[in-house]
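Subject: Structure handover

Hello,

Here is the structure you were expecting. My notes on charged pairs and the metal site follow below it.

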Amino acid sequence: MAILDILEYPDPRLRTQAQPVNVVDDSIRRLIADMLETMYEAPGIGLAASQVDVHLRIIVVDVSENRDEPHAFINPELTLIGESVEFEEGCLSIPGFYEPVSRAEGVRVRALDTAGDVIEQQFDGLLSACVQHENDHLDGKLFVDYLSVLKRSRIRKKLEKQQRLRA
Ligand code: ZN
């Protein structure tokens, strides 16, 4: 397994539209294992393949306290359920910033699992918000897109400054 590099906002590669996975083979299973390791090491509660510059429709999440309940979804299709609720969101690609984002309180996910079988699961609470956040990445969308233009540009400028200092 390997720790993968995570792209940081405003890297334009984060805006790439991810493509569906055609065959769930060992290379996909290896990528998912690496994504989970990268997410745990960061540490974070979710990661989309887009964030590690692989533009395939794959997300991993684990919101459990003990970090032992990983979920991996390949080609996820979401059905949003219920009212909207606000969660304070952060993102491994937007380090150090947390802002409230409104999302559907529940979500039904239809996807392929790592065996290539179709699964359907329903989530609410933090896991629902997390799945919606990660799925957005596959369409090139980031949580800052839900914020005001002013807030988004302030975050962008601060991160660009940090990235310049690091370079
Ligand atoms: Zn994110």
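**Charged pairs**

Helix α3 holds both Glu160 and Arg156, which sit 4 residues apart, about one turn of the helix. Please keep in mind that this is a predicted model. These two residues form a salt bridge, with 3.3 Å between the closest N and O atoms. Glu160 has a relative accessibility of 25%, so it counts as partly exposed. Arg156 is also partly exposed, because its value is 38%. Elsewhere, Asp11, Arg13 and Asp53 are joined into one network by salt bridges that share partners.

A pair of this kind also occurs in helix α1, which spans residues 26-41. There, Arg29 and Asp26 are 3 residues apart, again about one turn of the helix. Their side chains meet in a salt bridge at 3.1 Å, N to O. Arg29 counts as partly exposed because its relative accessibility is 33%.

The next pair is not within a helix: Asp139 and Arg57 form a salt bridge through their side chains, at 3.1 Å from N to O. This one links distant parts of the chain, with the two positions 82 residues apart in the numbering. Asp139 belongs to the loop between α2 (125-138) and α3 (149-166), while Arg57 belongs to the loop between β1 (46-48) and β2 (58-61). The two ends are classed differently: Arg57 is buried because its relative accessibility of 13% is under the 20% cut-off, whereas Asp139, at 37%, counts as partly exposed.

In general, side chains of opposite charge can pair when their charged atoms come close. Over the whole structure the search finds 11 salt bridges, and the pairs described here are among them.

**Zinc site**

Which residues coordinate the zinc ion? They are Cys91, through SG, and His133 and His137, each through NE2, at 2.0 to 2.3 Å. Along the sequence, the spacing of these donor residues is C-x41-H-x3-H. Cys91 is in the loop between β3 (71-89) and β4 (99-112) and His137 is in helix α2, so this pair ties together parts of the chain that are 46 residues apart in sequence. Are these two residues buried or exposed? Both Cys91 and His137 are buried.

Regards

Conventions: Residues numbered from 1 in each chain as written. Predicted model: local features only at pLDDT ≥ 70, side-chain atom pairs only at ≥ 80, totals over all residues. Heavy atoms only, no water. Salt bridge = Lys/Arg side-chain N within 4 Å of Asp/Glu carboxyl O. Buried < 20%, exposed > 50% of the residue type's maximum accessible area, 1.4 Å probe, protein only. Donors = N, O, S within 2.8 Å, 3.2 Å for Na, K, Ca; no water.
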